[in-house]
Amino acid sequence: MGTKELIEALREELREHNYNYYVLDNATISDYEFDIKLKELQGLEAKHPEFFDVNSPSQRVGGAITKNFETIQHEHRMYSLDNSYSKEDLQDWETRIKKLVDGDIQYTCELKYDGASISLTYEDGNLTKAITRGDGFQGDNVTANIKTIKSVPLQLKGNYPPKFDIRGEIVLPFDGFNKMNQERIEIGEEPYRNPRNTASGSLKLQDSAEVAKRPLECLLYNITGTNLNIQTQFESLEKARAWGFKVPSIAKLVNSIDEVLEFVDYWNVNRHDLPYETDGVVIKVNDLQQQEELAYTAKAPRWAMAYKFKAEQVSTKLNSITYQVGRTGAITPVANLEPVELAGTTVKRASLHNADQIEKLDVREGDAVYVEKGGEIIPKILGVDLSKRNNLSAPTQYITHCPECKTALVRQDGEAQHYCPNYNGCKPQIIGRIQHFISRKAMDIEGLGGETVALLVNEGLISNYSDLYELTKEEVIPLERMAEKSADNLIQGVELSKNIPFERVLFALGIRYVGETVAKKLAKHYKSIDAIAKATGEDLVNVDEIGVKIAESVSLFFSSEENLRIINRLKEFGVQLELSAEQLIGQTNVLAGDIVVVSGVFENVSRNELKKLIEDNGGKLSSSISSKTSYIVAGSNMGPSKKEKANKLGVLLMSESEFLQKIQKSL
Ligand code: AMP
Ligand code: ZN
């Protein structure tokens, strides 16, 4: 097989695996094998730029940065939908349209997905454009971001028309949304409020690699174009599915408004089991000929109608407001409610988020409040029924001191959350931090669970994570539900965690804003905890992707005598607090202080390998040329505008071989 054929075969294979996994929800290969094949493809593509393809599966990892999204005219306008709220509304609609068309009318019923609408253009089976709805006439070109969404086919299957637009909704399923939030909470960031806004915000992120990390999905519902040879809406859904699009199979073809109402009633209840958010049903005249006769009003098609589900709201009494202290010391106010049935579950609590939210809603203990359940795990309070308020009630006074340790709370400028600053003395913080320390992605201490940690702290056996390493079997056996065997497992688990590599230990320490990725970056750059502890804020900010907020948090952590003492103890117990000898192989500091831009295509190493070499040798990568750039490693095909900019700023161009020599000398 020639190289070109090999590349094509790999692309085809990866495309098929993507389709099986993301469209059909049916994995046909392990993640690991997929990565190996993808790396192989990326390697070949880097060596053979002549076979570049914008729609190769390798393009899905993103990396393109868009500073300003270009505005593009929609070739076919994107309309809104008229809304209906009752059986009568739907019957009125049928009466209206029956006057305008002949013959019986069939309807397709679909769910109204709650996300961000998108219009995709395909030419010769390739995705060429993805535009947001905008004002319906023109939207933003977000193609680079959309390409990272794995259920959007970059290349179609089967028998598709040469050119068409397809419309759909970008959604963020609950699972992925909750996972994203969990990760944010873990590093001390505020969680996102709801899936819809997060989905639409994602489309406008400047860094497509960030979009690639978000578990977005694209659900399609409408094909638009000329000479498509499609007769009905239902047929168009089937065709779109056959070409490789994700089209939920929930759509149903019915013969009357009564049947439409059955569909509505069914999904009004069962939508709560769907993996993503829906806010109604969309009913469409099935026959496209009839659709054409009905045409459009100034803002919506006459042939379609949305039926909005009634938001699931109930009114209940707010018994009390209590305050929770999280692992990072963040305070979250919680509304304790008179238990009430909502969307199939009993609701007892709702989050009030922060002081601003309480002030905005003006909620008070004893109020009758409206509660709604959206995509979040915890329901939210929409407002207060003022007609039921007790005249004597006074506005809620937010707490000034930690409910657990009584320390005065602080709130930094620009932050919504109050914090308890008693880092090493506040129980929920201590327990939460140790629970984070032992968790799977951190020290992965088997044989020790979150509840046992709480027990150990409450019994006074440990007060920080370094104490874990001094625990003895005799100490833990008397604990509740602890048997000889489980005590052994616990001690052994702690012992084994001494093999966990430095970068994970760094993550395990639970420094605010230091998530897995940041920990990796810091470990790689500084190589040891001592070096990080010594780094100044200015020094930290100079590490790739470390911003001011993270730098300040790291500096603050290491400015505490207590933290330094705990880290010293970890060191004495043999926990990995520097990179191992193996990790250090190939790593030098020859490029320390260099800010390097990589441009063009290379012969001996792939672009990614080159970037790794730069970072492994202490250099800092930058994506754009500026007066701060030390030099550019320039391969072939470097863009003319970049060349010009480099010339203008007098930035040195270094060839691939010159660069490799530079780092070789030091090895
Ligand atoms: P609205 O924004 O309330 O005018 O509703 C119109 C929007 O509903 C469209 O722009 C689509 O983004 C969205 N929508 C969600 N699901 C569907 C569907 N199955 N068919 C048509 N539009 C839908
Ligand atoms: Zn406290």
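Strand E3 supplies the largest share of the shell around ligand 1, namely four residues. The structure is a predicted model. This briefing covers the shell around ligand 1, two sets of positions that UniProt lists as "binding site" in an unreviewed entry, and the surroundings of asparagine 617.

**The shell around ligand 1**

- Ligand 1 is surrounded by Ser80, Leu81, Glu110, Leu111, Lys112, Tyr113, Ser117, Arg133, Glu169, Tyr221, Val282 and Lys284.
- By type, these shell residues comprise five nonpolar, two polar and five charged ones.
- A polar backbone atom of leucine 81 lies 3.3 Å from an oxygen atom of ligand 1.
- Tyrosine 113 places a backbone N or O atom 3.1 Å from a nitrogen atom of ligand 1.
- From the side chain of lysine 284, an N or O atom is 2.9 Å from a nitrogen atom of ligand 1.
- On its own, ligand 1 has 500 Å² of accessible area, and the protein covers 86% of that.
- Two or more residues of the shell come from each of strand E3 (107–113) and strand E10 (278–285).

**The UniProt positions that include shell residues**

- One "binding site" annotation in the unreviewed UniProt entry covers Asp31, Tyr32, Glu33, Phe34, Asp35, Ser80, Leu81, Glu110, Arg133, Glu169, Lys284 and Lys308.
- These positions span 278 residues of sequence and are spread in space as well, with C-alpha atoms up to 44.3 Å apart.
- Glutamate 33, one of the annotated positions, belongs to helix H2 (residues 31–47).
- With 42% relative accessibility, glutamate 33 is partly exposed.
- Leucine 81 is both an annotated position and a member of the shell around ligand 1.
- The loop between strand E1 (71–73) and strand E2 (83–84) holds leucine 81.
- Leucine 81 has a relative accessible area of 25%, so it counts as partly exposed.
- Beyond its neighbours within four places in sequence, leucine 81 contacts Lys112, Val282, Lys299, Ala300, Pro301, Ala304 and Ala306.
- Of those contacts, Lys112 and Val282 also appear in the shell around ligand 1.

**The four cysteines**

- A further "binding site" annotation from the unreviewed UniProt entry lists Cys402, Cys405, Cys420 and Cys426.
- The four cysteines are spread over 25 residues of sequence yet cluster in space, their largest C-alpha distance being 8.6 Å.
- Cysteine 402 sits in the loop between strand E16 (380–384) and helix H12 (427–438).
- Cysteine 426 is likewise in the loop between E16 and H12.
- Cysteine 402 counts as buried because its relative accessibility is 1%.
- For cysteine 426 the relative accessible area is 0%, so this residue is buried too.
- Leaving out residues within four places in sequence, cysteine 402 is in contact with Val325, Thr407, Leu409, Cys420 and Cys426.
- Cysteine 426, with residues up to four places away in sequence not counted, touches Val325, Cys402, Glu404, Cys405 and Cys420.
- Val325 and Cys420 are therefore found among the contacts of cysteine 402 and among those of cysteine 426.

**Asparagine 617**

- Asparagine 617 is located in the loop between helix H23 (607–616) and strand E18 (620–621).
- Its relative accessibility is 1%, which means that asparagine 617 counts as buried.
- A polar contact of 2.5 Å joins the side chain of asparagine 617 to the side chain of threonine 588.
- Apart from residues up to four places away in sequence, asparagine 617 touches Gly586, Gln587, Thr588, Asn589, Val590, Leu591, Ala592 and Ile663.

Notes. Residues are numbered from 1 along each chain as its sequence is written. Chains are lettered from A and ligands numbered from 1 in the order in which they are written. This is a predicted model: local features need pLDDT of at least 70, side-chain atom pairs count only at pLDDT 80 or more; totals for chains, interfaces and linings use all residues. Side-chain values use heavy atoms; hydrogens and water are left out. UniProt positions are given in the numbering used here, feature names are shortened, and annotations may be inferred rather than shown by experiment. Buried means under 20% relative accessible area, exposed over 50%, partly exposed in between (1.4 Å probe, protein chains only). Contact means heavy atoms within 4.5 Å. A residue is near a molecule or strand if one of its heavy atoms lies within 4 Å of it. A polar contact is a pair of N or O atoms within 3.5 Å; within protein, one must be able to donate a hydrogen and the other to accept it, and residues adjacent in sequence count only if both atoms are side-chain atoms. Accessible areas come from the Shrake-Rupley method with a 1.4 Å probe; for residues, only the protein chains shown count as cover. Ala, Val, Leu, Ile, Met, Phe, Trp, Tyr, Cys and Pro count as nonpolar, Asp, Glu, Lys and Arg as charged, and the others, Gly among them, as polar.
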